[in-house]
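Work through the exercises below with the structure beside you, and try each task before you read its solution.

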Amino acid sequence: MWMICAVRSAVRASIDARFCTRPPREASAARVVPQVVFAAEQYARIARTLKRGLPVTLELDVENRFHDETLDSFNVIAELPGSDKADELVMLGAHFDSWHTGTGATDNAAGSAVMMEAVRILRASGLPLRRTVRLALWGGEEQGLLGSRAYVQRHFGDAQQGLMPAHAKLAAYFNVDMGTGKIRGIYQQQNLEVGPILSAWMKPFESMGATLVSPRNTGSTDHISFDRAGLPGFDFVQDPIEYYSRTHHTNQDVFDRLLEDDLKHNAVIVASFVYHAANRDEMLPRKN
């Protein structure tokens with residue numbers, strides 16, 4: 001019996017591949033049912049055929065290779081030094097690993113490019129930064145936020161293992177990981193006290209269509225590694241632009257799907273948020 005996971009489509013029965021159960025990584029783990037990802041178009045055809053009461057036969061040729069050697073992963077880190085508050089930190093990041101089916105353009109070369117451009121803008125502006133700004137391009141996100149989780153545990157600690165001094169020095173972490181679409185807002189991660197601050201920072205971009213400051217949580221990307229450790233981590237709200245309907249984890253995730261003007265729009269907004277966080281007199285409030 002097969003568990004069939006499909007990219008989200010107009011068919012109500014389809015399932016976003018992001019929510020399929022991840023198999024355990026341990027070599028001694030029990031075997032799990034194979035999982036196969038269909039493109040939305042093929043899945044929808046199967047669903048329509050079944051709805052008409054006609055049988056569908058699938059023939060699948062699945063070959064897997066299991067690695068028992070050590071597979072090293074790494075993060076890419078760069079920073080702009082601060083001035084009078086240089087021991088405090090503002091971080092921005094995106095994951096640069098991707099699925100093998102495409103070239104990973106929207107997931108998440110788009111986010112990586114935006115964050116790199118945001119840092120370039122800050123440096124080229126010549127404006128002073130009070131806090132140090134650190135860029136992180138994460139590895140292993142697709143396997144369970146491995147790069148950002150390891151970084152947070154190593155550098156900031158957590159409630160279970162104990163907090164490190166640097167935990168109190170992180171003002172904010174900002175993340176982009178929802179494709180090529182324009183930023184329309186930001187999630188507060190239920191940090192209600194930070195809402196008025198983020199709203200003020202978003203105000204200059206109202207004419208560009210960025211207006212939302214949502215109290216909601218959003219998950220499944222690297223800001224969660226920070227949020228779970230009690231650190232202020234935020235993810236931006238973006239236009240979907242075929243992300244879940246076509247490019248996310250499919251062979252359509254290629255360079256042609258990127259929208260250059262949207263990425264430029266995003267880099268400007270991220271650079272502004274990082275600039276404000278780096279120069280604010282106080283650290284951003286944290287969740288109670």
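## Exercise 1: Charges and the whole chain

Task: Count the charged side chains of the protein and state how far apart the centres of the two sets lie.

Solution: The protein carries 31 positive and 34 negative side chains, and the centres of these two sets are 5 Å apart. In this count Lys and Arg are positive and Asp and Glu negative, while His and the chain ends are not counted; each charge is placed at NZ of Lys, CZ of Arg, CG of Asp or CD of Glu.

Before going on, note that this is a predicted model, in which local features need pLDDT of at least 70 and side-chain atom pairs count only at pLDDT 80 or more, whereas totals for chains, interfaces and linings use all residues. Residues are numbered from 1 along each chain as its sequence is written, and side-chain values use heavy atoms, with hydrogens and water left out.

## Exercise 2: Overall dimensions

Task: Compare the radius of gyration of the protein with that of a compact globule of 288 residues.

Solution: Begin with the rule, which is 2.2 Å times the number of residues to the power 0.38, the radius being taken over C-alpha atoms. For 288 residues this gives a value near 19 Å, and the protein has 21 Å, which agrees. Then add the extents: along its principal axes the C-alpha trace spans about 70 × 50 × 35 Å.

## Exercise 3: Helix H7

Task: Check the span of helix H7 and decide whether this helix is mostly covered or uncovered.

Solution: The protein has seven helices and 11 strands, where helices (H or I, at least four residues) and strands (E, at least two) are DSSP runs numbered from the N terminus. Helix H7 covers residues 260–279, and its 20 residues at 1.5 Å each should span 28 Å, since the expected span is 1.5 Å times one less than the number of residues. The end C-alpha atoms of H7 are 29 Å apart, which agrees. As for cover, 14 of the 20 residues of H7 are buried, where buried means under 20% relative accessible area, exposed over 50% and partly exposed in between (1.4 Å probe, protein chains only).

## Exercise 4: Two residues

Task: Say where Asn 175 lies and where Val 254 is found, and classify the accessibility of Asn 175 and of Val 254.

Solution: Asn 175 belongs to strand E8 (residues 170–175) and, because its relative accessibility is 0%, counts as buried. Val 254 sits in the loop between helix H6 (243–247) and H7, and its relative accessible area of 25% makes Val 254 partly exposed. Leaving aside neighbours within four places in sequence, Val 254 is in contact (heavy atoms within 4.5 Å) with Thr 103 and Ala 105.
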